Amino acid sequence: MELDGKVAIVTGGGSGIGQALASELATQGVRVVVGDLDEAGAQATAAAISEAGGAAVALRANAADESDIEALIALAGREFAAVDLYVANAGITGVAGIGTESDWDRILAVNLRAHVRAAELLVPQWKARGYGYFVSIASAAGLLSQIGAAGYAVTKHAAVGFAEWLAITYGDDGIGVSCVCPLGVDTPLLDGIRADTDPDGRAGAQSILQSGEVLAPSDVASLTVDAITDDRFLVLPHPQVLEMYRQKGSDYDRWIAGMRRYQRTLREHHGADVGPANS
């Protein structure tokens, strides 16, 4: 996709990867609508883009709420033009362990259904125009897994699966898709994992911190924008994820056994309870 002059929506744009992506897209001439539940953060991102000579507006929006997605699309149309690019960045870590029904409802809504709802609204428009672009900010957890948090692991797998399906189903209609799967990135989301007091949560945090370098959001944003311009599906800010993914696929049982051993080590070193149910 040629980015100059295009219109993008970035959810979760008030901080972290979303903020960095909104700023990076603006440097490429993209007019950006910044959405975030943190209205002050969204406005600050848009203001910084405008001060740097770019074009951006902001709106408080819940990325999982269909009416809020519609409001972001409508704002783009009023201020700029029809949406060319949607960045489904907003996400949550959820709770450690299996979680409750309400925990699953919340994390499925934000990490998966938000992507589905945006696509439901935009794909018909893009098909009619013959082009459009969807960016899914997923996680290496969507290719591998996440120790300690079932909801995060499962919803990130689902986000990757949905992005794959979009790319397969609508690629011939001119719709591009990129799926971004980093390990640790220095964001408020990672800060929240680090602060988790649950033993499994602490083990999960350490698994992220030990898996590779914690990148700056700007690094992820730059690689993502390169992928958009190249129409490239899989974005791996941490290249070692590809080898981990290959090892997983080459011998699934061995990989699971290795993950169990690693989990036991993390629990032993970070104060988690070890018992029959967790072995």
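**Entry 1: strand 5**

I began with strand 5 and looked at its two faces in turn: Gly132, Phe134 and Ser136 lie on one side, Tyr133, Val135 and Ile137 lie on the other, and all of them are buried. I noted at once that I am reading a predicted model. Since six of the six residues in strand 5 (residues 132-137) are buried, I wrote that the strand is largely enclosed by the rest of the structure.

Next I asked myself which way strand 4 and strand 5 run, and how many bridges join them. I found that the two strands run parallel and that four bridges join them. One residue pair I looked up here is alanine 88, whose bridge partner in strand 5 is serine 136. Following the chain from strand 4, I passed through helix 4 before I came to strand 5, and I recorded this β-α-β crossover as right-handed.

I then turned to strand 6, which runs parallel to strand 5 and is joined to it by six bridges. Phenylalanine 134 has valine 177 as its bridge partner in strand 6, and serine 136 stands opposite cysteine 179 in strand 6. Here too I checked the handedness, and the β-α-β unit made by strand 5, helix 5 and strand 6 is right-handed.

**Entry 2: the whole sheet**

I wanted to see where strand 5 sits in the sheet, and I found an open sheet of seven strands, in the order 3-2-1-4-5-6-7, with parallel pairing. As a reminder to myself, strands of a sheet pair through backbone hydrogen bonds, either parallel or antiparallel. Which strands stand at the edges of the sheet? They are strand 3 (56-60) and strand 7 (234-235), and because each has a single partner strand, one side of each is left without a neighbour in the sheet.

I also looked up two helices that lie across the strands. Helix 1 (residues 16-27) lies across strand 1, strand 2 (31-36), strand 4 and strand 5, and it runs at about 165° to strand 1. Helix 3 lies across strand 1, strand 2, strand 3 and strand 4, and its angle to strand 3 is about 155°. For the chain as a whole I wrote down 10 helices and seven strands.

**Entry 3: the nonpolar cores**

I reminded myself that in soluble globular proteins, nonpolar side chains tend to be buried together. In this model the largest nonpolar core has 40 residues, and those that touch the most other members are Val33, Tyr86, Trp126, Phe134 and Leu166. I traced where the core comes from, and found that at least two residues each are supplied by strand 1 (7-11), helix 3 (66-79), strand 4 (85-88), helix 4 (101-129), helix 5 (150-170) and strand 6 (175-180). Helix 4 gives the most, with eight residues.

I picked leucine 166 and asked which residues it is in contact with, once its neighbours within four places in sequence are left aside. The answer was Ala119, Val123, Phe134, Gly171 and Val177. There is also a second, separate core of 31 residues, which includes Ala22, Leu85, Ile228 and Val235.

**Entry 4: the salt bridges**

Side chains of opposite charge can pair when their charged atoms come close. I searched for such pairs and found two salt bridges in the structure.

In one of them the side chains of aspartate 84 and arginine 129 meet, with 2.4 Å from N to O. This pair links distant parts of the chain, since aspartate 84 is in the loop between helix 3 and strand 4 while arginine 129 is in helix 4, 45 residues apart. I then compared accessibilities: aspartate 84 is buried at 4%, whereas arginine 129, at 30%, is partly exposed.

The other salt bridge joins the side chains of aspartate 230 and arginine 232, with 3.8 Å from N to O. Is aspartate 230 buried or exposed? With a relative accessible area of 53%, aspartate 230 is exposed, while arginine 232 is partly exposed at 35%.

**Entry 5: helix 2 and the chain overall**

I looked up alanine 48, which is found in helix 2 (residues 39-51) and is partly exposed, with 39% relative accessibility. Its C-alpha atom is 8.1 Å from that of serine 23, although the two residues are 25 apart along the chain.

Lastly I recorded two totals. Of the 279 residues in the chain, 48% are buried. Among contacts between residues at least 6 apart in sequence, 71% join residues at least 24 apart.

Methods: Residues numbered from 1 in each chain as written. Predicted model: local features only at pLDDT ≥ 70, side-chain atom pairs only at ≥ 80, totals over all residues. Heavy atoms only, no water. Core = buried A, V, L, I, M, F, W, Y, C linked by side-chain atoms within 4.5 Å. Buried < 20%, exposed > 50% of the residue type's maximum accessible area, 1.4 Å probe, protein only. Contact = heavy atoms within 4.5 Å. Salt bridge = Lys/Arg side-chain N within 4 Å of Asp/Glu carboxyl O. Pairing = 2+ DSSP bridges. Right-handed = clockwise from strand over helix to strand, strands pointing away. Axes fitted to C-alpha atoms, helices over the stretch in contact; angles between N-to-C directions.
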